[in-house]
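Q: I have a model open and would like to learn how to read its charged side-chain pairs. Could you walk me through them?

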Amino acid sequence: ATTIHCFQVQPLRSAKTTLTKQQHESLTLFFAAKKQGGDSSDDAVVTLVHSHHLLDHKPDNMILKGGKYKLRGVGCLGRPGVALCVGEQAAINKFRSKLKTAMPQKKFGIISIDRSSIPSDELSKISDFEEATIGELRSLLAKLGHEHHFFTLTGIDPSNATHSEEGGLNSNSKKSAKKRRKK
């Protein structure tokens with residue numbers, strides 16, 4: 001049996017540990033998964049965390065801080081305020097809990113998205129947690145095959161909405177959004 005020697009440095013002393021080749025490979029895979037964020041495993045989920053409106057001021061802009069909770073995805077301020085989160089369920093729950101604690105007057109909903117319905121190549125393109133515009137959020141949800149959630153959250157009639165070249169809403173949809181806000 002081949003053995004590999006590893007040295008662990010501990011405060012004020014060092015220890016020599018002997019690992020088998022299989023143990024070394026297991027540890028290498030473990031640390032590689034940790035370095036990638038560890039959410040590529042089967043227990044990672046895709047979720048939309050949303051509230052009626054989140055504007056660009058404290059504490060509303062916490063929706064953009066999903067990366068602090070080891071999540072990947074995008075956060076979008078506005079009406080509605082939405083975060084598309086990819087990560088472990090426990091991390092998403094902690095993120096939502098922090099949002100609710102910071103803003104007890106707001107209601108935060110969750111829409112779970114079936115991960116098996118999302119093309120894996122599209123999901124792998126999401127590497128960090130970034131701020132997005134409402135048009136970019138819509139484009140991302142469309143790429144993931146879940147654009148209908150965008151229409152549910154915004155209240156925009158999908159039959160009246162088209163996409164512009166910039167990835168945003170067309171002028172007809174913008175007019176509809178203005179009418180809704182005036183009501």
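What follows is a short dialogue on the fold, the salt bridges and the burial of their partners.

Q: Before the details, what kind of model is this, and how many helices and strands does the protein chain have?

A: Happy to start there: this is a predicted model. The protein chain contains six helices and seven strands. Read from the N terminus, the order of elements is β-β-α-β-β-β-α-β-α-β-α-α-α.

Q: What share of the residues counts as buried?

A: Burial is judged by relative accessible area, with under 20% as the cut-off. Of the 183 residues in the protein chain, 38% are buried by that rule. The chain exposes about 11,700 Å², and carbon and sulfur atoms supply 52% of that area.

Q: How much of the contact count comes from residues 24 or more positions apart?

A: Among contacts in the protein chain with a separation of 6 or more, such pairs account for 64%.

Q: Now to the charges: how many salt bridges does a search of the whole structure find?

A: The idea is to look for a Lys or Arg side-chain nitrogen within 4 Å of an Asp or Glu carboxyl oxygen. Here the search gives three salt bridges.

Q: Which residue does K106 pair with, and where do the two sit in the chain?

A: K106 pairs with D60, and their closest N and O atoms are 3.0 Å apart. This pair links distant parts of the chain, with the two positions 46 residues apart: K106 lies in the loop between α2 (89–102) and β6 (109–113), while D60 lies in the loop between β3 (44–51) and β4 (72–76).

Q: Why does K106 count as buried, and why D60?

A: Compare each value with the cut-off. K106 counts as buried because its relative accessible area is 14%, and D60 because its value is 2%.

Q: Which residue meets K125 in a salt bridge, and is K125 buried or exposed?

A: The side chain of K125 meets that of E122, at 3.3 Å from N to O. Here the partners fall into separate classes: K125 is exposed, with a relative accessible area of 57%, whereas E122 is buried at 15%.

Q: What is the N to O distance between R138 and E147?

A: The closest N and O atoms of R138 and E147 are 2.5 Å apart, and the two form a salt bridge. R138 is buried, at 4% relative accessibility. E147 is partly exposed, because its relative accessible area of 24% lies between the cut-offs of 20% and 50%.

Definitions and conventions. Residues numbered from 1 in each chain as written. Predicted model: local features only at pLDDT ≥ 70, side-chain atom pairs only at ≥ 80, totals over all residues. Heavy atoms only, no water. Helix = DSSP H or I, 4+ residues; strand = E, 2+ residues; numbered from the N terminus. Buried < 20%, exposed > 50% of the residue type's maximum accessible area, 1.4 Å probe, protein only. Contact = heavy atoms within 4.5 Å. Areas by Shrake-Rupley, 256 points an atom, 1.4 Å probe, with all protein chains shown as cover.
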